Each structure stands twice: as C-alpha cells, then as structure tokens.
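Trainee: I should like to take a close look at a single part of this protein, namely its nonpolar core and the strands around it. Would you please guide me through that part in one connected account?

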Amino acid sequence: MSARIVHAAFGLAALVLAVAAAAGPAPRLAVEGAHVRAAPPGAPVLAGYLTLRNTGGGPTVITGASSPDFDRVEIHRTTVRDGVARMEPVPRLEIAPGAAVRLEPGGMHLMLIGPRRKLRPGDRVRLTLRLGDGTERTLELPVRRMGGGAMHMHGGRSPGAHGR
Ligand SMILES: [Cu+2]
C-alpha cells in the first residue's frame, strides 16, 4: 500500500526521494523548511513553521494535525482586527494546485500545545498532518533556536497567553 510507504517516509530526504522516483502515486504535498522553534523550559506552547507546496493536479486540504509530543496541535492564522492582532484556528487549510502556503513567523503557524516532554534544540518532533482525502502525512521537525530578531507574533503577548 502506498499509504504505508508514505508513513515510513519520515524525514524530508525520504520525501524528496519519493518525489524524484515517482514510485506509486506521486505525493501531492511537498513540505519544505519544517521546524519547531525552541522555547524556554516550561513554555506551555511552541510554534512550528513549514512551507506546504501542492504538487498535485487538484486542491489539497489540511484538515488537522497531531503529534505524540503534544496534547494538541492547531494551525493558526494571525489576524489584525481594529488594530489588535489575534490568532485564530484554521480548521481547514486548502492549497490550490501548484500553490505554496507558508507557515512563518508573523503569519500562519503550527501551534503546538502542551508539550509532553522537554524539547531542546536538536530534538525532533514527529508531526502528522491529516489530509482531506483521508490520508495522513507524518513528518519530523527539528527543534531549532531562531535568530534573535525573529519574533513570533502573538498579538504582542507571550505565547503563554495562548495555552488555555
Ligand atoms: Cu498560535
């Protein structure tokens, strides 16, 4: 089953190889630059970033995400309303054929809620994306310290305000 191949293809390298070899049905979702931003010990939430590129001929929809390392994973969008930035969940993220959606600081992001273990730079977080066609894609995201200037916009509040 191709689904089992996809499940076994942890890591970007394997994913890229699968695309290059075009073994079985071509993956319709390419993932680039996936990582989790390191946070101070005890942080109730962490943020993850990645670029999702739809390499298929039809729309691809992300309907959810989960990780064994966190109680809950949500996709969030930062919106500014009446001059106030807030985050709201994105329950359904559609990517048009050939398009790429970037989850990056200040915009959309993976909200990783309730870490179940200590995560330090260099650790890897397993993340499963649920797709609209009922399949799943599992990735490994390295935990990385981000540069000093890169702020994760959380409406000017600490990410901790978000863990409830
Ligand atoms: Cu968020």
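Mentor: Two residues are in contact if their C-beta atoms, placed from the backbone, lie within 7 Å. With that cut-off in hand, consider L112 in this predicted model. Apart from its neighbours within four places in sequence, L112 is in contact with V36, V45, L46, A47, G48, S67, F70 and V73. L112 also belongs to the largest nonpolar core, a set of 24 residues, in which V73, L110, L112 and L127 touch the most other members. Two or more residues of this core come from each of β1 (29–37), β2 (45–54), β3, β4 (70–81), β7 (100–103), β8 (109–115), β9 and β10 (136–144). The element that gives the most is β2, with six residues.

The setting of this core is a protein with two helices and 10 strands. Read from the N terminus, the order of the elements is α-α-β-β-β-β-β-β-β-β-β-β. Of the 164 residues in the protein, 24% are buried. Among contacts between residues at least 6 apart in sequence, 66% join residues at least 24 apart.

Let us now follow the strands, beginning with β2. Strands β2 and β7 pair in the antiparallel sense over four bridges, and L50 stands opposite L103 in β7. That same L103 lies on the covered face of β7 together with V101, whereas A100 and R102 make up the uncovered face.

Next comes β3, which spans residues 60–66 and pairs in the antiparallel sense with β6, residues 93–95, over three bridges. In this pairing, I62 stands opposite L93 in β6. Strand β3 also pairs with β9, residues 124–131, again in the antiparallel sense, here over four bridges. There S66 stands opposite T128 in β9.

Strand β9 leads to R124, which is located in that strand. Why is R124 classed as partly exposed? The class follows because R124 has 16 other C-beta atoms within 10 Å, a count between the limits of 12 or fewer for exposed and 20 or more for buried. Setting aside residues up to four places away in sequence, R124 touches E140, L141 and P142. The C-alpha atoms of R124 and V143 are 5.9 Å apart, although these two residues are separated by 19 residues along the chain.

Two loop positions complete the account. The first to consider is A96, in the loop between β6 and β7. A96 counts as exposed because it has 11 C-beta neighbours inside 10 Å. Its contacts, leaving aside neighbours within four places in sequence, are N54 and P59. From A96 to N54 the C-alpha distance is 6.7 Å, while the two residues are 42 apart in sequence.

The other position is D82, found in the loop between β4 and β5 (84–89). D82 is not a glycine, yet it has a positive phi of about 50 degrees. With 5 C-beta neighbours inside 10 Å, D82 is therefore counted as exposed.

To return to the core itself, L112 is one of the residues there that touch the most other members, and its contacts beyond the local sequence include V36, V45 and V73.

Technical notes. Residues are numbered from 1 along each chain as its sequence is written. This is a predicted model: local features need pLDDT of at least 70, side-chain atom pairs count only at pLDDT 80 or more; totals for chains, interfaces and linings use all residues. Two strands pair if DSSP finds at least two bridges between them. A nonpolar core is a set of buried Ala, Val, Leu, Ile, Met, Phe, Trp, Tyr and Cys residues joined through C-beta atoms within 7 Å.
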